[in-house]
Structure formats: structure tokens, C-alpha cells
Amino acid sequence: GALHIEGTLLKDEKNNMVELRGVSLGWSNEHSRFYNRETIGWLKNDWKLSAVRATIGVEPSGGYLEAPLRTLNQVCQVIDGAIKNDVYVVVAWHCNNMHLSQSIDFFSAIAQQYGNKPNIIYEIFTEPDNETWPELKAYYTQVIQAIRATDTDNIILVSAPYWSQNIREAADDPLTGFSNIMHTVHFCVGESGQ
């Protein structure tokens with residue numbers, strides 16, 4: 001069913017707290033063999049997962065910037081498998097640099113095709129590296145507006161600066177004016193310090 005944010009909690013349509021468990025498929029350009037409906041069905045049945053993450057390789061060779069139609073097709077296979085198997089799917093735009101127009105094009109296409117399905121969770125910029133929080137806020141605002149033009153309520157994930165680690169900057173100057181937004185924080189063992 002449809003998910004929503006209440007305060008800091010992820011909840012279902014009956015207002016129960018939700019914890020999603022799943023796996024990331026790896027970058028679409030490097031792990032394309034997993035980007036199909038059958039993989040999602042197998043993961044649901046064997047691993048009993050409730051979520052899968054389709055990680056869009058944007059910048060590397062063979063990624064979205066070089067092959068947008070192929071990448072979009074791969075992601076649609078995963079989304080279709082998730083819908084068929086009652087699994088949530090995080091559609092993650094994985095790059096380290098802003099590609100605003102391409103991101104808007106990509107997420108607008110996903111929202112138009114699947115925005116009416118409760119399975120979709122948008123992760124609109126995974127692990128930004130050198131962008132400041134004000135730069136990220138401006139980017140997020142435009143991408144969220146593009147998604148919300150079609151999909152008014154599915155969850156959207158936004159990353160903190162510096163590889164999604166500096167959550168304090170986002171907390172001190174929050175993104176406002178949108179509902180069902182969650183922040184992501186990555187902790188990298190051996191890199192993130194304390």
C-alpha cells in the first residue's frame with residue numbers, strides 16, 4: 001500500500017510504522033543481468049524482501065548519460081517486477097555530480113509511467129560529493145517539482161552533502177514546502193570516522 005511520512009517515521013496506509021528490508025541491485029550499467037522481472041520475483045520468494053533498489057549508473061561508461069533509453073528500459077523491468085511481486089522499489093539516481101536536466105527527464109518519465117503505483121520510492125541524487133547544501137536544495141526543489149507534477153504523494157529520498165554524510169547541514173536548513181520527503185545518510189565503515 002501507499003507509504004507516507006509522519007514526522008520522522010515511515011508509515012503505511014493504516015498508519016502503522018514500516019521498516020523496509022531489501023537489497024540494492026548495483027549500478028544498472030554494471031549489473032544489468034539483474035535488471036529484470038525474474039530477479040525481483042526470485043528475491044521476493046527466496047530472500048523475503050520488501051524492497052529492492054534499482055541503482056541507476058548515470059555517469060560511468062554505459063550509464064544513463066550514454067544510453068538513456070536502455071537504462072530506462074532496465075529500470076522499468078525492475079519496477080514492473082516489483083509491482084508484480086508487491087515489493088517497493090527505490091529508483092536511485094546514482095552519480096556524484098548534478099545532471100539537472102537529465103534527472104528531471106528521467107524522473108518525469110518514471111513518475112508519468114508509475115506515479116500512480118504505491119511501490120515507487122524516488123532517490124533523486126545518491127551520494128553528491130562536492131555540492132553545497134544550498135546547491136543541493138536548489139537541485140532537489142526542481143527535481144521534486146517535476147516529480148510532483150505527476151506523482152503527488154510517493155516518497156522522495158534526498159541525500160545530504162558529502163557522500164550523503166553531512167546530515168547536520170540539511171537539518172540546520174531544511175528543505176520545505178513538500179510532503180513525503182525523507183533524508184538519506186550513508187555511513188561508510190573506515191571512511192566516515194566516528
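Begin with the whole chain of this predicted model. For 194 residues, a compact globule would have a radius of gyration near 16 Å, and the protein has 16 Å, so the two agree. Rotate the C-alpha trace: along its principal axes it spans about 45 × 40 × 40 Å.

**The whole protein**

Switch to a cartoon display and colour by secondary structure. Six helices and eight strands should be visible, for the protein has 6 helices and 8 strands. Following the chain from the N terminus, one meets the elements in the order β-β-β-α-β-α-β-α-β-α-β-α-α-β.

How far apart in sequence are the residues that touch? Of the contacts between residues at least 6 apart in sequence, 71% join residues at least 24 apart.

Next, display the surface. The accessible area comes to about 9,600 Å², and carbon and sulfur atoms account for 50% of this area. Of the 194 residues, 49% count as buried. Then colour the charged side chains: 14 are positive and 23 are negative, and the centres of these two sets lie 9 Å apart.

**Helix 1**

Select residues 37-47, which form helix 1. Which residues of this helix are buried? They are Thr39, Ile40, Gly41 and Leu43. Some general geometry is useful here: an α-helix has 3.6 residues a turn, so residues three or four places apart point the same way.

Now add strand 3 (22-27), strand 4 (51-57) and helix 2 (68-84) to the selection; the buried residues of helix 1 pack against these three elements.

Zoom in on the two ends of the helix in turn. At the N-terminal end, Asn36 acts as a cap, with a side-chain oxygen 3.2 Å from the backbone nitrogen of Glu38. Just after the helix, select Lys48, where phi is positive, at about 60°.

**Leu136 in helix 4**

From Glu38, move to Leu136. The two residues are 98 places apart in sequence, and their C-alpha atoms are 36 Å apart in space. Leu136 belongs to helix 4, residues 133-148.

Why does Leu136 count as buried? Its relative accessibility is 0%, and buried means under 20%.

Finally, show what surrounds this side chain. Leaving aside neighbours within four places in sequence, which residues are in contact with Leu136? Select Met98, Phe125, Pro128 and Glu131, then Ser159, Ala160 and Pro161, to display these contacts of Leu136.

Key. Residues numbered from 1 in each chain as written. Predicted model: local features only at pLDDT ≥ 70, side-chain atom pairs only at ≥ 80, totals over all residues. Heavy atoms only, no water. Helix = DSSP H or I, 4+ residues; strand = E, 2+ residues; numbered from the N terminus. Rg over C-alpha atoms; globule rule 2.2 N^0.38 Å. Buried < 20%, exposed > 50% of the residue type's maximum accessible area, 1.4 Å probe, protein only. Contact = heavy atoms within 4.5 Å. Areas by Shrake-Rupley, 256 points an atom, 1.4 Å probe, with all protein chains shown as cover. Lys, Arg positive; Asp, Glu negative; His and termini not counted. Charge placed at Lys NZ, Arg CZ, Asp CG, Glu CD. Polar contact = N/O pair within 3.5 Å; in protein donor to acceptor, adjacent residues only side chain to side chain.
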